[in-house]
Structures are given as structure tokens and as C-alpha cells.
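This briefing covers one interface and two residue environments. Please have the sequence and the coordinates open while reading.

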Amino acid sequence: MWDGILIGISTAFSPVNLIAVMLGCFAGTFIGLLPGLGPISAIALMIPITYGLDPATGMILMAGVYYGAIFGGSTSSILINAPGVAGTVASSFDGYPLAKSGNAGKALALAAYSSFIGGTVATFLLLLFAPLLAKVSLSFQSSDYFMLMVLGLTTVAAFSGKGNYLKAGIMTIFGLMLSTVGTDLSTGVERYTFGSIDLLDGISFLLLAMASFALAEALHNILVPVKESDTSSTEVSDLSISKQEFGEVAPTIGRSSILGFFVGILPGAGATIASFLAYGVERNLASEEQKQKFGKGSLRGLAAPETANNAACSGSFVPLLTLGIPGSGTTAIMLGALISYGVQPGPRLFVDHPQVFWSVIISMYIGNMVLLIMNLPLIPYIAKLLTVPRPILIPLILFFSLIGVYLVSFNTTDLYIMVFIAIFALLLRLLQFPIAPMLLGFILGKPIEDNLYRALLANNGSVSFLWERPITLAIFCLVCAVVILPCWRIYRKRSSD
Amino acid sequence: MNEQRVGGVIFFVFCALYLFFATDITVTSESTFSARTFPYILGVMGCIVSLLLIVLPSIQKTIALTQLKWSAVFAMCLAMLVYAFLLSRIGFIIATILFLNTCFIIMRERKWRHMFYTSFSLTCIFWLLLTQVLNIYLAPGSWWMG
């Protein structure tokens, strides 16, 4: 393990990777700051840039974009009450009242320090847990992987459906269906190509990610314009907090760091649930007098979600790096990018590509430092971006999305397909179908089919592997619980209504 | 009809077609698992879930689609398709400047100087970055090449 850590340190501290993490943090902060654009879009926009890079550098850049976007989202939540990212919505509850009362600098500084500590604690926990889990998962077989991926898909569907489990479920199946387009690698048979040569290799992951997130989000911003925010509180002055104030929030930060990390590990939970949960926990733990301050500019109310969302970002890397199973839309895009670099994520990543595994973990710590040391003092200037008019900004996002895909394939047919997918994704968004499960299904489709094929082959075509192997059986029981529990809850709710 | 049922009908049609076209997939061996098996499983699961979407009552509200800015979105999509058409024909620089300015106009930006400076400077910087720094060849456009 120490050899791996040393390899990771030397890789993460190489000049190229240090530049990558800085650029990632800056780009993420800029994009996350813009209301309506989240980390998924930010990372999708980065994929074409990372294609020519070393896998470790590419991943470091994207990880930097991820927590940079969360940091940027907090800034717009606090300054203009317009969260750029769902994971920072809870930060606006107390951050914006603080900014309105003339304490914008204090609120931003507290958010940055909380994020830094949350991220650092979570990185340490990641360092501790990821290798352990990776070692355990080395004993996994095809049937275990198959079931584990099914568990990932069902939990994501259960959590990300915003209360509508069926919609998330059909989107997951839709993503799996899209993954079957092209030549089946196990049998060499063409499926759903309809004679088109362009479809022989299947649908491009980059194209799908860019069209369904970056492009669709920009179109959604045109269709349903975000209401003009009050930018009067974007003036940031004093960025300091007193020792007494820090003492007040220290226990909150400690609790929220651990809570955020473990919530982040759960597939589908991620930064949004972590931040709301941490906010709720702090509110419940607060005395009656402190409880009154929540929602009116409480420092604890700001520190809790800020710590938890950053810790959850690191936590979400555990299933990605150790099992090769993304727990959220953001890590699903990273998984797709890793596969396109020729690196197969999973337990073997720890053994076959230790420089990628460890350098990503080490770079997270560097990224948190970058956000604190460089981005925080620059926030008064970066916040000026909020004043850029949307009629200028949206066309630029469209341009970067289109040209990003074009520069990979140099095929204008991809751009036509992209526009149609974006329109379809926009309609699905309007009908309130979540898009992230679709992408997750698309990315996990091929490995699921492959592992099912191998498990059946090893069992002479029998599905007895579901109950014969204890690990598979245990995961299968979890899948059943994840599927049945929400249905039972819906049934009970409706019958009581 | 509310949005859940509309979505359910769309997906049911899609899944039924998916299942129908799965029968066209060639089967090369007699084994239990062929290239058709996974699409069959998905198609059946998709039909069941989309039927549940149609049948089960929904508590979600319907959305007022008429209050949205559809004309701007359609104009923007058209601009993107025209950009894709022109990119290989008139070259990156002219196509991009035209595309950005069209988008600015669709977005009701009327500060002509801002529009011109933004589109021109961004396109030129991006072109220089791609061709001179990253050594990516961008064809000048088939119409100019004869």
C-alpha cells in the first residue's frame, strides 16, 4: 500500500498533474458558479480536452472540475441565492441571509474552510477504505459483479427519481437499451444498427453525455429562463472569520465530514442528500435558541451542508475506484471517460494502474488546498462572472458542447445526432424524467451483459448462481430490498391517502 | 393526460419496437445466452415498467407547455443544425462567427459591438489554440477548395 501511495504522490505532484488539478478547480469553479450548470455538465465539457492526456492526468483534471463545481455552486448559492448545483441548495438556506446582511465574505470564507476540512477528512477516509474494499472485491466473480451492478442501478434509480421510482427505473432501462446498439462483442453480431455503418461501434458515450447534459441544460435554460437574481450581494469584502465563530462550527464540521463521506459512498445518494441530511442533523442537534437562527444566517446551518457535500464528493469515488461502479451521474461520466482512456475501473485498477488509483486520491487533497489558497482570495473577481449576460453565455456553452464532440470525431453527422438527442433529453426533462440513471444504464449496460453472459456460461446456462454463491445471494437480497421497499412505501402512502 | 402517462405511452411504444426489432438479431449458436437474450430481457422489463407508468395513478401536476419559449429553442436547434452543415463547407472561422452571432440574435442580445467582439475574438483565439498550439488540422472548407 505504501508503494502505491508513494507512486500516487509522485504522479500527483508532477508539474503536469499539478497544472491539471489547478485548471480543473478553476474551470469547475467557473462553470459551477453559473446557475443551471452543474458538475455533470462541467465534466462533460471537459471530456474532449482530456482525450489526448494520460489517464491519471485526465482523471485528476475531472476530479478537480468536480469539487471546483461544487465550490462554485456554493458561491452562487451564497451570493445570489441561485445554486448552480443541486448539492449546494442547502447552503443557500443560511448562506444567502448571511450575504444579505453584509457578511458575504464571512459566509464564503466559512464555506471554503468547511469544504476544505470536509474534503480533507473524506480524502483520509478514502485512503483508508478504498484499498480495503478493493482487496475484498478482488475475490469477486462474474456473478457477484453482475449483481453488484444491478444493485448500483436499482439504488441510483431509487434515490435519483426524486420520489418517482418508476420514471427513474424506465430511464435506467432506456440507458441499458441504448448500450445494446452496435456490434455485440461476445458474439460479433450486429444489433439495432439498421444497416448504418456509423452505428456499428455503438452510440458514442461522449456524444450522449454532452447532448443529454450540457446541450440539453443550455436549451432548458432558454426554454425556461432562470429568473434574474439579485446581484446586489455579489460585493465581497472581508474574508475572515473569528476564532470564536470557528469554535462554534468545529463540532458541526467534524460530524458532517464523516456523515458526508459515508452518504457519498452509497450509490445514488451523493452530495445533494448528504448536504440536506447534514443540515437536518445539525438543526435537530441545536439548542432551541440556536434552532431559531437556522434559515436566518446560522453559521452552523452553512457549515454543515458545505462540509457534507465536499466529503460526499470524495466518498462517491470509493465505489468508482474500487468496484468500477459509479454511484452518481457525475462519477458515471468519469467511469465512461476512464473506459475511453483504455483503463478498466474495478478492483484490478488498484493492481494494474496504481498510479491512476492513488494519484486521483492524493490529488483530491491538493485540489482542496487549491480551492482554499487560490480560489477563495479570487472569489471577489470570479463572482463578476455572475454579471455576464445570459444571451452571451448560453451560445458559448452551445458552441463548446458542439465543437467538443466535433473535435473528437471530425464527423458532422455526430452533431446532427447530438442536436436530436438534446431535444429528446429536453422533452424528458420537461416530463420530469431524470437523465442521470439513463447515462448510468448506458455505461453499465455492456459490463452487465458481459458478466451475466460469463456467469451463465460458468453455470451451464443455469441461473442458480443467484443463490449458490453467498456474496451474490447477499447482494441479490439487497437488490430485492431496494426494489421492494420504495414500492411498499408508495403502496402504504396511497392506501392511507 | 399528465406527464407521467405521456412519458409512459412514449416509452411503451419505444420498448415494444425495441422488442420487435430484437427478433431481427441473428443468433449464431444454440447456447442459452445469445445476442438476443439481453435485449429480450430489457424489452420485456421496459414494457412492464412503462405499462405501470400508464396504469398507476400519478400525483404529479401537468405542465403548461405553452408558456415556454419554444420558438427560441427551435431557432437555436436550427442554428446548430445549420452550423453542423456549414462547418465542413465554409470552414471553422466563418461558420463559428456566423453561428455565435445568430445565437446572440436569437437570445435577443442587441449590443452589436459586444456580439462582434465576443464572437470574433473567441473564434480567432480558439482557432489559434487548436491549429497552432495543439496542432489540430482544421480543413478550410470544401466550398473554398473547389
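In which helix of chain A is the place of A:Thr322? A:Thr322 is in helix α13, which covers residues 317-323 of chain A. The model is predicted. The points below start with A:Thr322, move to A:Asp94 in helix α5 of chain A, and end with the contact between chain B and chain A.

**A:Thr322**

- A:Thr322 counts as buried because its relative accessibility is 0%, and the cut-off for buried is under 20%.
- A polar atom of the A:Thr322 side chain lies 2.5 Å from the backbone oxygen of A:Val318.
- Leaving aside residues up to four places away in sequence, A:Thr322 touches A:Ala130, A:Leu133, A:Ala134 and A:Ser137.
- With sequence neighbours left out in that way, A:Thr322 also touches A:Gly346, A:Pro347 and A:Phe357.

**A:Asp94**

- A:Asp94 belongs to helix α5 of chain A, residues 89-137.
- With a relative accessibility of 0%, A:Asp94 counts as buried.
- The side chains of A:Asp94 and A:Tyr279 make a polar contact at 2.8 Å.
- A:Asp94 and A:Lys296 are 202 residues apart along the chain, and their C-alpha atoms are separated by 5.7 Å.
- Not counting residues up to four places away in sequence, the residues that A:Asp94 touches include A:Lys293, A:Phe294, A:Gly295, A:Lys296, A:Gly297 and A:Ser298.
- A:Gly301 and A:Leu302 are also among the residues touched by A:Asp94.

**Chain B and chain A: extent of the interface**

- On the chain B side 64 residues are in contact with 60 residues of chain A.
- The area buried between the two chains is about 5,600 Å², and carbon and sulfur atoms give 83% of that area.
- In chain B, the residues that lose the most area to chain A are B:Phe11, B:Phe33 and B:Phe38, which together account for 12% of what that side buries.

**Chain B and chain A: polar and charged content**

- The count of salt bridges between chain B and chain A is zero.
- Four residue pairs are found in polar contact across the interface, with both residues at pLDDT 80 or more.
- Helices α1 (3-22), α2 (37-55), α3 (70-90), α4 (92-106) and α5 (112-133) of chain B each supply at least two residues of the side that touches chain A.
- By class, that side of chain B has 48 nonpolar, 13 polar and three charged residues.

Note on methods. Residues are numbered from 1 along each chain as its sequence is written. Chains are lettered from A and ligands numbered from 1 in the order in which they are written. This is a predicted model: local features need pLDDT of at least 70, side-chain atom pairs count only at pLDDT 80 or more; totals for chains, interfaces and linings use all residues. Side-chain values use heavy atoms; hydrogens and water are left out. Helices (H or I, at least four residues) and strands (E, at least two) are DSSP runs, numbered from the N terminus. Buried means under 20% relative accessible area, exposed over 50%, partly exposed in between (1.4 Å probe, protein chains only). Contact means heavy atoms within 4.5 Å. A polar contact is a pair of N or O atoms within 3.5 Å; within protein, one must be able to donate a hydrogen and the other to accept it, and residues adjacent in sequence count only if both atoms are side-chain atoms. Buried area is the accessible area (1.4 Å probe) that two parts lose on being put together, summed over both. A salt bridge is a side-chain nitrogen of Lys or Arg within 4 Å of a carboxyl oxygen of Asp or Glu. Ala, Val, Leu, Ile, Met, Phe, Trp, Tyr, Cys and Pro count as nonpolar, Asp, Glu, Lys and Arg as charged, and the others, Gly among them, as polar.
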